[in-house]
Amino acid sequence: VQSPYPMEHQSCIAVGKYYDEQLILHETAHERWRNSVSIVDNADIWIHEAFATYAESLYIEETLGYDIGQEYLKSRKNDIHNDYPIVGISGVNHFHYRIEDKYFKGALMLNTLRHLVNNDQLWFSTLKSIQLEFKHSSISTERILTYISNKLGKEYKTFFDQYLYTTKIPVLEIKQANGQSTSRWINAVENFSMRLTINDTHWDVTTEWTSINVDVNDSIIGQLQSKYLIKVVIL
């Protein structure tokens, strides 16, 4: 229904004044997804908003192709502020007025995790299984993160610590000299690491300088910053 504002009511979905396509996608995603699996505390509102925003890109990917879906997500990077962590303070009805990061940074975090997993069958089966496991119930951030890690078969604690509990975007530093390349993460939590995949080449990066077998050029940098919510700096 038209309304002064958009909102995922459990009866009539309010889509604002103009039936904007993005809002219809977003609020319908809520109706299908988050109105079944809800949260126990407003500190965890990202579980509603990040997944609904990510669902927008999945619809676009399904109808227009993977590249357009990725471009849609990439276009939302300018909406990230990094002024508050995505997860708020529990037990105080915590809900910042400016909450864009719970939407856009959260969605881009999920897209980053998809590419870290590098197995779409596993990734999408995990997303669907959340609905089966937690249908008609309320959950916390800790519970859904434990469930996701268990389903993916890998511990992602430092990944979630970085993106959900700090305002830092990981910076990938790359040094190239004498035909050798090394890389490391800065602006990252302790023991942070991510396996990057470019053109079927795996690239394990930690907070320590490590040699890499990748010829880094503008195309590679563009792919990295499209698939992962990171910044790349060439030294």
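Is Asn199 buried or exposed? Keep that one in your heads for a few minutes, and I'll come back to it.

Okay, hi everyone. What you see above is a predicted model, so please hear everything I say today with that in mind.

Let's begin with the whole thing. The protein has 235 residues, and its radius of gyration is 18 Å; a compact globule with that many residues would come out near 18 Å, so the two agree. If you lay the C-alpha trace along its principal axes, it spans about 65 × 40 × 35 Å. As for secondary structure, you can count eight helices and ten strands.

What about inside and outside? Buried residues account for 49% of the 235. The protein exposes about 12,200 Å², and 49% of that area comes from carbon and sulfur atoms. So that's a 49% that turns up twice, once for residues and once for area, so don't mix them up when you take notes!

Now contacts. Take the ones between residues at least 6 apart in sequence: 58% of those join residues at least 24 apart. And charges: there are 22 positive side chains and 29 negative ones, with the centres of the two sets lying 3 Å apart.

Next, my favourite bit, the aromatic rings. The count here is eight aromatic pairs. One of them is Phe134 with Tyr147, an edge-to-face pair, 5.1 Å from centre to centre with 75° between the planes. This pair links distant parts of the chain: Phe134 sits in helix α5, residues 120–134, while Tyr147 is in helix α6, residues 141–152, and the two are 13 residues apart. Are these two buried or exposed? Phe134 has a relative accessibility of 2%, so it counts as buried. Tyr147 is at 14%, and the cut-off for buried is under 20%, so Tyr147 is buried as well.

Here's another pair to look at: Phe159 and Tyr163. Their rings are tilted, 4.9 Å centre to centre, with 50° between the planes. Where do they lie? Both are in helix α7, residues 157–165, four residues apart, which is about one turn of the helix. Both of them are buried, too. And they have company: Tyr156, Phe159, Phe160 and Tyr163 form one aromatic cluster.

Let me switch to a leucine. Leu25 lies in helix α1, residues 21–34. At 17% relative accessibility, Leu25 counts as buried, because the limit is under 20%. Which residues does Leu25 touch, leaving aside those up to four places away in sequence? Glu56 and Tyr59. For a sense of scale, Leu25 and Leu108 are 83 residues apart in sequence, and their C-alphas are 17 Å apart in space.

Last stop, two asparagines. Asn82 has a positive phi of about 55°, although it isn't a glycine. You'll find Asn82 in the loop between α3 (66–75) and α4 (100–117). With 22% relative accessibility, Asn82 counts as partly exposed.

And that brings us back to Asn199. Asn199 also has a positive phi of about 55° without being a glycine. Asn199 belongs to the loop between β7 (194–198) and β8 (201–205). So, the answer to my opening question: Asn199 has a relative accessibility of 54%, and exposed means over 50%, so Asn199 counts as exposed.

That's my tour. Thanks for listening!

Terms used: Residues numbered from 1 in each chain as written. Predicted model: local features only at pLDDT ≥ 70, side-chain atom pairs only at ≥ 80, totals over all residues. Heavy atoms only, no water. Rg over C-alpha atoms; globule rule 2.2 N^0.38 Å. Buried < 20%, exposed > 50% of the residue type's maximum accessible area, 1.4 Å probe, protein only. Contact = heavy atoms within 4.5 Å. Areas by Shrake-Rupley, 256 points an atom, 1.4 Å probe, with all protein chains shown as cover. Lys, Arg positive; Asp, Glu negative; His and termini not counted. Charge placed at Lys NZ, Arg CZ, Asp CG, Glu CD. Phe/Tyr/Trp six-rings, centres within 6.5 Å; stacked < 30°, edge-to-face > 60°.
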